[in-house]
Amino acid sequence: MANSLKILFVASECVPFAKTGGLADVVGSLPKALHALGHDVRIVLPKYASIDPSRLTLQRLQESMCVRMGGGQEEWCAVDMGHLEKEVPVYFIESWKFFGRPGIYNENNIDYTDNPQRFAFLCRAALQMCIDQQFQPDIVHVHDWPTALTAAYLKIWHGQDPVLSKTASVLTIHNMQYQGVFSARHYEYIGLGWQHFHSGQLEDHGRINFLKGGIFFADALTTVSPTYAEETRHSDLGAGMQSYLRARGGDYAGILNGVDYEDWDPASDPLIPANYTGADLSGKARCKEELQRAFQLEVDPGIPIVGVVSRFAGQKGLDLLYEAIHRSLKHMRVQFVILGSGDKELEWKYMQLPSLYPGRVGSFIGYDNRKAHWIEAGADFFIMPSHYEPCGLNQLYSLKYGTLPIVRSTGGLADTVEQYEEATGQGTGFKYRDNNPGAIADTVGWAVSTFYDRHEHYLAMQQRAMQRHFGWEESARKYVAVYLQALAKKRRS
Ligand code: ADP
Ligand code: GLC
């Protein structure tokens with residue numbers, strides 16, 4: 001077995017090029033960690049219209065690449081090459097027809113109707129690029145439904161191919177709720193053969209299910225925390241995939257996400273008003289003061305701030321949090337700062353909150369990376385009331401920024417936050433189980449009372465949290481073990 005593997009990531013998002021959520025953080029950082037371990041890692045991404053080419057150094061590799069789809073249809077695209085921090089080559093697939101528009105998956109929260117074509121094409125294009133460039137990856141590592149079909153194409157289209165027949169595939173599931181389920185009328189174009197259109201492989205109640213196809217065809221599967229791996233195998237968090245995941249037995253593992261501490265470290269973060277470390281928290285006090293000013297809150301270091309940075313999606317529990325905030329503000333001296341966007345009704349509700357509680361609640365509706373960093377740095381607590389959370393990155397950032405997480409105990413939140421013990425002062429955050437506004441308000445109350453009444457515990461937890469390390473090194477090694485397992489499986493077959 002070769003020590004150095006050739007690994008091709010195929011993904012729909014990657015920091016700093018295109019991001020809607022944590023998937024982009026992972027695809028933008030895990031390859032760097034694998035590269036540091038000595039592997040040849042490359043990434044394939046769509047060249048979305050939102051990617052500003054003037055900010056990149058791009059080299060045109062192929063002017064016109066022919067990508068065959070089902071039913072004898074041909075699509076033409078170009079391939080550019082850039083780099084992720086000079087280390088990791090990134091192949092950009094340029095197709096005006098499919099990616100020459102502002103959104104990644106949607107615009108104004110409405111999905112593009114040709115998403116099945118767009119992402120099936122991306123999967124095919126990634127493999128065609130390997131053939132045209134004579135790049136023979138050991139592993140193709142795909143992420144979520146948009147690129148899951150790459151695993152199916154590898155087996156069904158490229159089983160005998162001189163370049164790709166030895167390549168194994170790994171699918172990482174970042175979120176089981178998004179499966180890419182589309183009308184069967186797209187199946188002909190996708191071109192995977194009707195013999196595979198049955199409930200064990202690509203069919204789902206008469207429709208096509210991209211993720212299910214990946215679950216069947218990938219040589220190995222992972223998700224982004226051990227607890228979520230268990231939850232998806234054994235509870236309705238599997239969103240209908242439980243039995244298919246169980247059928248894969250030991251091929252399905254949970255590997256915790258890491259943090260890119262080059263981007264998320266209060267000691268060096270250029271996006272926050274002042275840097276700080278555990279040894280000298282004066283910078284954090286400045287960040288708090290500036291945050292209170294920026295969000296028009298009462299400027300007072302003695303009032304704890306609870307921060308939120310989130311997609312406004314059903315998963316995140318922000319409907320419950322909205323009720324809980326009203327309850328908390330009735331009884332407690334506390335402030336809330338909320339940053340997020342997505343669901344229109346929630347956007348409207350959170351936009352109104354500051355006028356209902358002037359000086360006590362600040363909100364910004366939109367996507368703003370600088371503000372996200374600033375909230376992590378300036379708040380005292382960070383809340384994630386998720387109904388489910390495959391891993392969650394913000395609680396990991398919060399720990400590093402000494403901003404104690406308040407989380408629902410699910411998925412990666414359960415795995416990464418250590419419960420506060422009032423008797424001993426141990427722990428790094430506050431966890432609760434019941435999924436309702438009362439439980440959230442009670443836990444906020446517990447955290448806030450710790451801030452006021454057991455401040456020495458608060459300070460010790462803050463130190464402990466800042467020392468917790470969730471770097472990529474260890475997780476990258478676990479991925480390499482999965483790659484080797486996938487390769488061994490491929491060779492056996
Ligand atoms: P998910 O991927 O489910 O949205 P994660 O916690 O894994 O959840 O990752 C969310 C990522 O997206 C974090 O990097 C977070 O800072 C970022 N993010 C979410 N919403 C916003 C926003 N409105 N502005 C800036 N960054 C955001
Ligand atoms: C998904 C999940 C989130 C996870 C991220 C990166 O968006 O919702 O929990 O951290 O993917 O894996």
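## The strands around β4

In the hairpin of β3 and β4, which residue takes a positive phi? In this predicted model, that residue is Gly71, whose phi lies near 65° in a hairpin that has five residues between the strands. The two strands of this hairpin, β3 (residues 59–68) and β4, pair in the antiparallel sense over seven bridges, and Gln62 has Val79 in β4 as its bridge partner.

On passing to strand β5 (residues 88–94), β4 again runs antiparallel to its partner, and seven bridges join the two; here Gly82 has Val90 in β5 as its bridge partner. β4 and β5 form a hairpin with three residues between them, and Glu85 in the turn has a positive phi of about 45°. Strand β4 itself (residues 74–84) is largely enclosed by the rest of the structure, because eight of its eleven residues are buried.

## Salt bridges

Side chains of opposite charge can pair when their charged atoms come close. The structure holds 25 salt bridges, and a network of them links Lys47, Arg60, Glu63, Asp80 and Glu94.

Among the individual pairs, Lys19 and Asp25 meet through their side chains at 2.8 Å, N to O; Lys19 counts as partly exposed, at 28% relative accessibility, whereas Asp25, at 13%, counts as buried. Another salt bridge joins Lys371 to Asp368, with the closest N and O atoms 2.9 Å apart.

A further salt bridge brings together the side chains of Arg293 and Glu289, at 2.5 Å from N to O. Both residues belong to helix α9 (residues 282–294), and because they are four residues apart there, about one helical turn separates them. Arg293 is partly exposed at 47% relative accessibility, and Glu289 is likewise partly exposed, with a relative accessible area of 32%.

## A negative surface patch

Asp319, Glu323, Asp343 and Glu345 form a negative surface patch. One of these residues, Glu323, is found in helix α10, which covers residues 318–331. With a relative accessible area of 38%, Glu323 counts as partly exposed, and this value satisfies the requirement that patch residues have over 30% relative accessible area. Because patch residues must also have no salt bridge, the four acidic residues of this patch stand apart from the acidic partners described above, such as Asp25 in its pair with Lys19 and Glu289 in its pair with Arg293.

Methods:
Residues numbered from 1 in each chain as written. Chains lettered and ligands numbered in written order. Predicted model: local features only at pLDDT ≥ 70, side-chain atom pairs only at ≥ 80, totals over all residues. Heavy atoms only, no water. Patch = residues over 30% accessible without salt bridge, like charges linked within 9 Å, V, L, I, M, F, W, Y side chains within 5 Å. Areas by Shrake-Rupley, 256 points an atom, 1.4 Å probe, with all protein chains shown as cover. Lys, Arg positive; Asp, Glu negative; His and termini not counted. Charge placed at Lys NZ, Arg CZ, Asp CG, Glu CD. Buried < 20%, exposed > 50% of the residue type's maximum accessible area, 1.4 Å probe, protein only. Pairing = 2+ DSSP bridges.
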